[in-house]
Amino acid sequence: MGKTAIILEKKEELLSIRGLSIRFRQYKGGSGHQAFSQADLSVISGLDVTVRRGEVVAVVGASGSGKSLLAHAVLGLLPANAFLEGSIRYRGKELCPQDQKGKKKAFFRSRESGGVPGIALVPQSVTWLDPLMKIGRQVLGGRKTPEARQRMRMLFARYGLSGEVENLYPFECSGGMIRRILLTAALMDDPELIIADEPTPGMDASLAKQAMDELRGFADEGGGVLLITHDIELALRGADRIAVFYAGTTVEVAAAADFEEEKRLRHPYTKALWRAMPANGFAAVSGMQPYVKDLPEGCVYQDRCPYFSPACRGKIPLRSVRGGLVRCIRPFDREMRMEKEDSDPGWGMKTGNVPEREEAAYAGSEESDVFL
Ligand code: SF4
């Protein structure tokens, strides 16, 4: 295979999520007639993420930002009162077809609908394991061939699990062992895309690093990884791109390299996350993420944003800025000019101070790095 073919192969989209919204239909509760009427609770809206072959894309956000729901939506594991809108494509195939009447793109998916061949989940919760079944049987999952048993043992050895583990019950394993068992179970069918939902809590630093390196290695061998985590430092260890979630939506998608300097980031929340990292001062982000029932009109970050203006209460599209994506209406060219003047007085005069030229000088051409 020639070099060009390898590059094209690397860029094949495995997972493409566009404009995904998830809402749950619930009873309103209370007393009288009100108790039996229903209302929709929107928990994710306008969410966009792409994972290409050869990539690790990390979805980062605080608890309650909708990260795990994303994983369950891709695999059809949402409860029956969930409605999805938008598009989820795996290798070009739509996983969210229109409903049977074709009137609107909203439909139920459920645990019973089964998984998606080629996609494996490393789940967040240990409750995915049956407490009454030995580990080996659960990892084999009905596979009875000697090759399957051999693969399980090879994966156990790779993750530092002894041969005895297959004869243990989940309650006999530590939290770190359980995480590794879930990872080996996901790899049994040789998937092309792994969705890893908080795969490292309970592991010590070296095991977490090893788990991250394994996910990186999986991508380097031609797979794709959607890593869902609250641990931004872990994500930066092996991810190519970071999608930052806040209150159920994507507020920024940036190359991992952009996190080397705050000024390369775009959204005020991403910058606040950057400043909260131990290496960058450990500055707490003031305020709280709003509960899904109390989302404001317009920008979901407006209550905490130092740049808020009345226009932030309007529609806030995801737009391309310096090769990344950001859901914010701020004029980034002006901010960038000021930063460049700070670090290089006279920069505006030298460069002509033209916003379009500034963008190109900073991030290369528009075509070079657009990665929605
Ligand atoms: S849209 Fe407005 S409130 Fe939201 S992050 Fe941008 S400047 Fe802040």
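Hi everyone. Let me begin with a definition: two strands pair if DSSP finds at least two bridges between them. We will need that in a moment, when we come to Leu15, whose bridge partner in S4 is Tyr90. Please keep in mind throughout that this is a predicted model.

First, the overall picture. The chain has 372 residues, of which 36% are buried. Its secondary structure comes to 11 helices and 12 strands. If we take contacts between residues at least 6 apart in sequence, 64% of them join residues at least 24 apart.

Now to the open sheet. Which strands form it, and in what order? There are four, running S2-S1-S4-S5, and their pairing is antiparallel. S2, residues 38-52, and S5, residues 93-94, stand at the edges with a single partner strand each, so one side of each has no neighbour in the sheet.

Let's walk across it. S1, residues 13-27, is joined to S2 by 11 bridges, and across that pair Ile22 stands opposite Ile44 in S2. On to S1 and S4, where eight bridges hold an antiparallel pairing. Here is the pair I promised you: Leu15 with Tyr90 in S4. S4 covers residues 82-90, and it pairs with S5 over two bridges, again in the antiparallel sense. Tyr90 turns up here too, standing opposite Lys93 in S5.

Between S4 and S5 there is a loop, and Arg91 is found in it. Arg91 has a positive phi of about 50°, although it is not a glycine. Why point that out? Most residues other than glycine have a negative phi. As for its surroundings, Arg91 is partly exposed, with 16 other C-beta atoms within 10 Å.

Next, please find strand S8, residues 224-229. How many of its residues are buried? Six of the six, so S8 is largely enclosed by the rest of the structure. Both faces are covered: Gly224, Leu226 and Ile228 are buried on one side, and Val225, Leu227 and Thr229 on the other. S8 has parallel pairings to show you as well. Five bridges join S3 to S8, and there Val56 has Val225 as its bridge partner. Five bridges also join S7 to S8, with Ala196 partnered by Leu227.

Let me move on to helix H6, residues 205-220. At 1.5 Å a residue, its 16 residues should span 22 Å, and its end C-alpha atoms are indeed 22 Å apart. Where do its buried residues sit? Seen down the axis of H6, they fall within an arc of 150°, so they line one face of the helix. Those residues are Ala208, Ala211, Met212, Glu214, Leu215, Phe218 and Ala219. On the other side of H6, Ala205 and Ser206 are exposed. What covers the buried residues? The cover includes S3, H5, S7, S8 and H7, so-called here by their numbers along the chain. After H6 comes Gly222, with a positive phi near 115°.

Helix H8, residues 268-276, has its own buried set: Pro268, Tyr269, Thr270, Ala272, Leu273 and Trp274. Their cover includes H7 together with strands S9 and S10.

In the loop between H8 and strand S11 we meet Phe282. Its phi is near 60°, a positive value in a residue other than glycine. Is Phe282 buried or exposed? It counts as exposed, with 9 C-beta neighbours inside 10 Å.

One more loop residue: Ala62, placed between S3 and helix H2. Ala62 counts as partly exposed, with 15 C-beta neighbours inside 10 Å. Ala62 and His230 are 168 residues apart in sequence, yet their C-alpha atoms are 5.7 Å apart in space. Leaving aside residues up to four places away in sequence, Ala62 touches His230 and Gln289.

Last stop, the ligand. Which residues come nearest? Of the 13 around the ligand, they are Cys299, Cys305, Tyr307, Cys312 and Cys328. By class, the shell has 10 nonpolar, two polar and one charged residues.

That's my tour. Thanks for listening, and I'm happy to go back to any part of it.

Definitions and conventions. Residues are numbered from 1 along each chain as its sequence is written. This is a predicted model: local features need pLDDT of at least 70, side-chain atom pairs count only at pLDDT 80 or more; totals for chains, interfaces and linings use all residues. A residue is near a molecule or strand if its C-beta atom, placed from the backbone, lies within 6 Å of it. Ala, Val, Leu, Ile, Met, Phe, Trp, Tyr, Cys and Pro count as nonpolar, Asp, Glu, Lys and Arg as charged, and the others, Gly among them, as polar. The expected span of a helix is 1.5 Å times one less than its number of residues. A residue is buried if 20 or more other C-beta atoms lie within 10 Å of its own, exposed if 12 or fewer, and partly exposed in between; C-beta atoms are placed from the backbone. The arc is that of the directions from the helix axis to the C-beta atoms. Two residues are in contact if their C-beta atoms, placed from the backbone, lie within 7 Å.
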